[in-house]
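Visitor: Could you walk me through this structure? I'm new to it, so please take it slowly.

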Amino acid sequence: MTIQTPITAAEKDKAAFAQVDNGKLSDMLAYAANKTGRSPVKLGMEFSRISSSDAKINISEYIRWGLFYEDRYTEDQRAQFISNSLHWPIAHACNNQGWSSAAEDKVLAGTILNAGGASAPETVAVIDTSPRLYPGVQKISNPEDLRDLILSLGNTKLFGKIVDGMVSFGAFSVKDADQTHISCVGQAPMTYADFMTSFLGDNAYLLQVKLENHEDIAPFCSALATIRMVNLVQTDRVDCPFAVISMPQGDQIADTLWRGGNIACEIDTETGEVKTVVTRSGPEIVFLEDHPTLAGWMGKRLPHWDALRELNERAARLFAPIRYQSTDIAITKDGPVIVEINYGGGFGLPQNAAGRGLLTPQMRSFFKECGVQFGAKPKVGKSRFRLFGKG
């Protein structure tokens with residue numbers, strides 16, 4: 001008899017994520033040819049040229065960003081797109097790598113944010129069966145303690161995410177609980193033992209009080225939306241060249257764009273105005289004229305924008321050794337709250353939402369200042385980080 005190992009929530013999400021951009025080269029080129037009437041051979045030659053450039057664009061990104069449309073971009077505009085696969089080497093070049101865990105471990109990040117006066121979600125407990133201790137935070141290591149904690153909180157809404165997780169893998173939202181079972185949004189009721197062993201697995205989870213969107217945002221979302229602020233930490237300031245709001249739709253509990261039906265929008269960094277609305281349609285990003293189900297979102301100015309910018313700068317300075325970073329900020333009725341801070345920040349989201357490349361002259365100059373070399377051979381005797389070019 002074969003006993004199957006239960007698949008955790010995080011593993012299910014990772015499997016779904018892997019299916020989003022897994023098209024074969026031939027299929028993707030055939031798709032582009034069908035959309036444009038261009039020859040698959042010419043498209044293949046164009047993609048080969050783009051993929052071998054500094055930007056290292058892969059076939060999924062070539063299709064997703066519509067780089068195969070001849071009339072959508074100039075050559076200079078195409079050249080500003082950069083593959084998400086280069087995010088980590090560039091982030092490591094820009095940042096003090098010793099600070100990676102300070103940002104990516106959500107307990108450590110929350111400790112720094114709270115100590116530094118930057119508002120973060122209220123942490124209820126950490127669910128963790130490892131030997132790790134969490135000073136000042138209740139640790140839950142068995143089903144009985146989890147049951148007692150959740151029942152003691154009554155009607156308090158709870159949200160859980162992996163302590164060192166990314167792109168919302170394994171996230172859950174508690175809907176109901178009783179003496180024997182816990183129910184999460186989109187999941188069948190589970191015993192507390194099954195929830196911890198099968199659903200959570202070996203992952204450590206942060207259990208927080210669920211944040212609610214500001215009333216100006218709530219009608220347009222099914223769950224909490226967050227604003228991604230892309231930060232470049234300079235000696236005397238924090239530059240923010242891109243801002244994006246990610247918005248859950250339908251039955252989604254998390255806002256990442258890879259989840260079906262979700263939308264993302266570029267936000268004017270100075271005014272907080274919604275500039276675009278995008279969603280995914282098959283392998284492409286598509287631009288909408290307004291919110292897909294409720295008019296009035298395009299052009300809207302987000303509430304508490306000045307306070308959000310101030311909070312973002314404070315958080316960025318608390319993590320200043322991470323020179324290329326991003327914050328994820330929710331806007332609640334009481335104002336902005338730092339949901340997460342990221343060591344770096346993927347290149348995909350801002351390009352998806354804005355419909356333009358991340359590698360603007362400002363970004364390229366900043367990366368070069370941090371030691372990233374684009375296409376050039378390193379100078380003899382120098383040990384600067386070199387990402388691109390042939391040796």
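Here is a short chat about the core, the rings, the strands and a few loop residues.

Visitor: What kind of model is this?
Guide: Local features need pLDDT of at least 70, side-chain atom pairs count only at pLDDT 80 or more, and totals for chains, interfaces and linings use all residues, since this is a predicted model. Residues are numbered from 1 along each chain as its sequence is written, and side-chain values use heavy atoms, with hydrogens and water left out. In short, the model is predicted.

Visitor: Which strand gives the largest share of the largest nonpolar core?
Guide: A nonpolar core is a set of buried Ala, Val, Leu, Ile, Met, Phe, Trp, Tyr and Cys residues joined through side-chain atoms within 4.5 Å; buried means under 20% relative accessible area, exposed over 50%, and partly exposed in between (1.4 Å probe, protein chains only). The largest core holds 54 residues, and those touching the most other members are Ile245, Met247, Trp297, Leu302, Tyr324 and Phe367. Strands (E, at least two residues) and helices (H or I, at least four) are DSSP runs numbered from the N terminus. The largest share, 5 residues, comes from strand E9 (residues 238-247).

Visitor: How many residues are in the second, separate core?
Guide: Val124, Phe172, Met190 and Phe195 are included in it. The size of that second core is 23 residues.

Visitor: Which residues does Met247 touch, beyond those up to four places away in sequence?
Guide: Contact here means heavy atoms within 4.5 Å. With that cut-off, Met247 touches Phe220, Cys221, Ala225, Asp255, Asn262, Ile263, Cys265, His291 and Trp297.

Visitor: How are the rings of Phe195 and Phe199 arranged?
Guide: Rings of Phe, Tyr and Trp (its six-membered ring) pair if their centres lie within 6.5 Å; planes under 30 degrees apart count as stacked, over 60 as edge-to-face and the rest as tilted. The structure holds 20 aromatic pairs. For Phe195 and Phe199, the centres are 5.3 Å apart and the planes are at 20°, so the pair is stacked.

Visitor: How far apart along helix H10 are Phe195 and Phe199?
Guide: Phe195 counts as buried because its relative accessibility is 0%, and Phe199 counts as buried at 8%. Helix H10 covers residues 192-200, and the two sit 4 residues apart in it, so they are separated by about one helical turn.

Visitor: Which residue lies over the face of Phe374?
Guide: A charge sits over a ring if NZ of Lys or CZ of Arg is within 6 Å of the ring centre and within 35 degrees of the ring normal. Here the distance from the ring centre is 4.6 Å, and the residue is Arg364.

Visitor: In what order do the strands of the 7-strand open sheet come?
Guide: Two strands pair if DSSP finds at least two bridges between them. Strands E2 (139-140) and E6 (190-191) stand at the edges with a single partner strand each, so one side of each has no neighbour in the sheet. The pairing is mixed, and the order is E2-E1-E7-E3-E4-E5-E6.

Visitor: How many residues of strand E7 are buried?
Guide: Strand E1 (residues 123-127) runs antiparallel to E7, joined by 4 bridges, and strand E3 (residues 158-162) is also antiparallel to E7, with 5 bridges. Strand E7 (residues 205-209) is largely enclosed by the rest of the structure, because the buried count is 4 of its 5 residues.

Visitor: Which residue of E13 stands opposite Met229?
Guide: Strand E8 (residues 226-233) has 8 of its 8 residues buried. It pairs with E9 in the antiparallel sense over 7 bridges, and 6 bridges join E8 to strand E13 (residues 324-332), also antiparallel. Opposite Met229 in E13 stands Thr327.

Visitor: With which side chain does the side chain of Ser168 make a polar contact?
Guide: Ser168 is placed in the loop between E3 and strand E4 (172-177). A polar contact is a pair of N or O atoms within 3.5 Å; within protein, one must be able to donate a hydrogen and the other to accept it, and residues adjacent in sequence count only if both atoms are side-chain atoms. At 3.0 Å, the partner is the side chain of Thr256.

Visitor: What is phi of Val167, about?
Guide: Val167 lies in the loop between E3 and E4 and counts as partly exposed because its relative accessibility is 38%. Although Val167 is not a glycine, its phi is positive, at about 45°.
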